[in-house]
Amino acid sequence: MGQLYTSGDWFVKEGREDEFVAAWEDLALWTQENVRGVTWASLLRDEGNPQLFRSLGPWESKEAIAAWRGTDGFKERVVKIKEFIERFEAHTMEAVVEVS
């Protein structure tokens, strides 16, 4: 099995981008400090659509991802983020090709 990643497409309400970024960063920092199985996370912003963001982070296992999504800390932070978004698409993906 290839490297596992969580990825999300975040469609943010116009004018709420800065608040969303701060709330997402809080979630990412909390995750890094409190959850095993993740080493980094990135939040990307689409240059052509400033309300579209994509998050990405590697995980050591499906079990680690499920445990993270089941924590109260995750759920509390996602509730805050929902205030700033129109919709969200979550993905768990496996790397099939990696070029260094």
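How many of the residues of β1 are buried? In this predicted model, β1 is mostly covered, with 8 of its 9 residues buried. That makes β1 a good place to begin a walk through the structure, so to speak, from strand to sheet to pocket.

Let us look at the sheet around this strand. Four strands make up an open, antiparallel sheet, and their order is β2-β3-β1-β4. The edges belong to β2 (42-45) and β4 (85-94); each has a single partner strand, so one side of each is left without a neighbour in the sheet. On average, neighbouring strands are turned by 20 degrees against each other, direction ignored. As a reminder, strands of a sheet pair through backbone hydrogen bonds, in either a parallel or an antiparallel way.

Now follow β1 and its partners. Strand β1 (residues 4-12) runs antiparallel to β3 (residues 52-59), and 8 bridges join the two. You can trace this pairing by eye: Y5 has P58 as its bridge partner in β3, and F11 stands opposite L52 of β3. With β4, β1 pairs over 9 bridges, again in the antiparallel sense. Here D9 has E89 of β4 as its bridge partner.

From the sheet, turn to helix α1 (residues 17-34), where W24 has its place. Is W24 buried or exposed? Its relative accessibility is 11%, and since buried means under 20%, W24 counts as buried. Leaving aside neighbours within four places in sequence, W24 is in contact with W10, A41, S42, L43, S55 and I81. The chain also brings W24 and K80 together from 56 residues apart in sequence, with 9.1 Å between their C-alpha atoms.

W24 leads on to the pocket. The largest pocket holds about 480 Å³ of space. It is lined by 28 residues, of which T6, W24, L27, S55 and W68 are the closest to its centre. Which elements each supply at least two residues of this lining? They are β1, α1, β3, α2 (62-69), α3 (72-82) and β4. Among them, α1 gives the most, with 7 residues. By character, the lining divides into 16 nonpolar, 9 polar and 3 charged residues.

Put side by side, these views meet at W24: this tryptophan sits in α1, is in contact with W10 and S55, among others, and is one of the residues closest to the centre of the largest pocket.

Notes:
Residues are numbered from 1 along each chain as its sequence is written. This is a predicted model: local features need pLDDT of at least 70, side-chain atom pairs count only at pLDDT 80 or more; totals for chains, interfaces and linings use all residues. Side-chain values use heavy atoms; hydrogens and water are left out. Two strands pair if DSSP finds at least two bridges between them. Axes are lines fitted to C-alpha atoms, for helices over the stretch in contact, and angles run from 0 to 180 degrees between N-to-C directions. Buried means under 20% relative accessible area, exposed over 50%, partly exposed in between (1.4 Å probe, protein chains only). Contact means heavy atoms within 4.5 Å. On a 1 Å grid over the protein atoms alone, a cavity is a set of points where a 1.4 Å probe fits but cannot get out, and a pocket is an open set with protein on both sides within 12 Å along at least five of seven lines; lining residues have an atom within 4 Å of a point. Grid points are joined across faces, edges and corners, and a volume is the space filled by probe spheres set on the points. Ala, Val, Leu, Ile, Met, Phe, Trp, Tyr, Cys and Pro count as nonpolar, Asp, Glu, Lys and Arg as charged, and the others, Gly among them, as polar.
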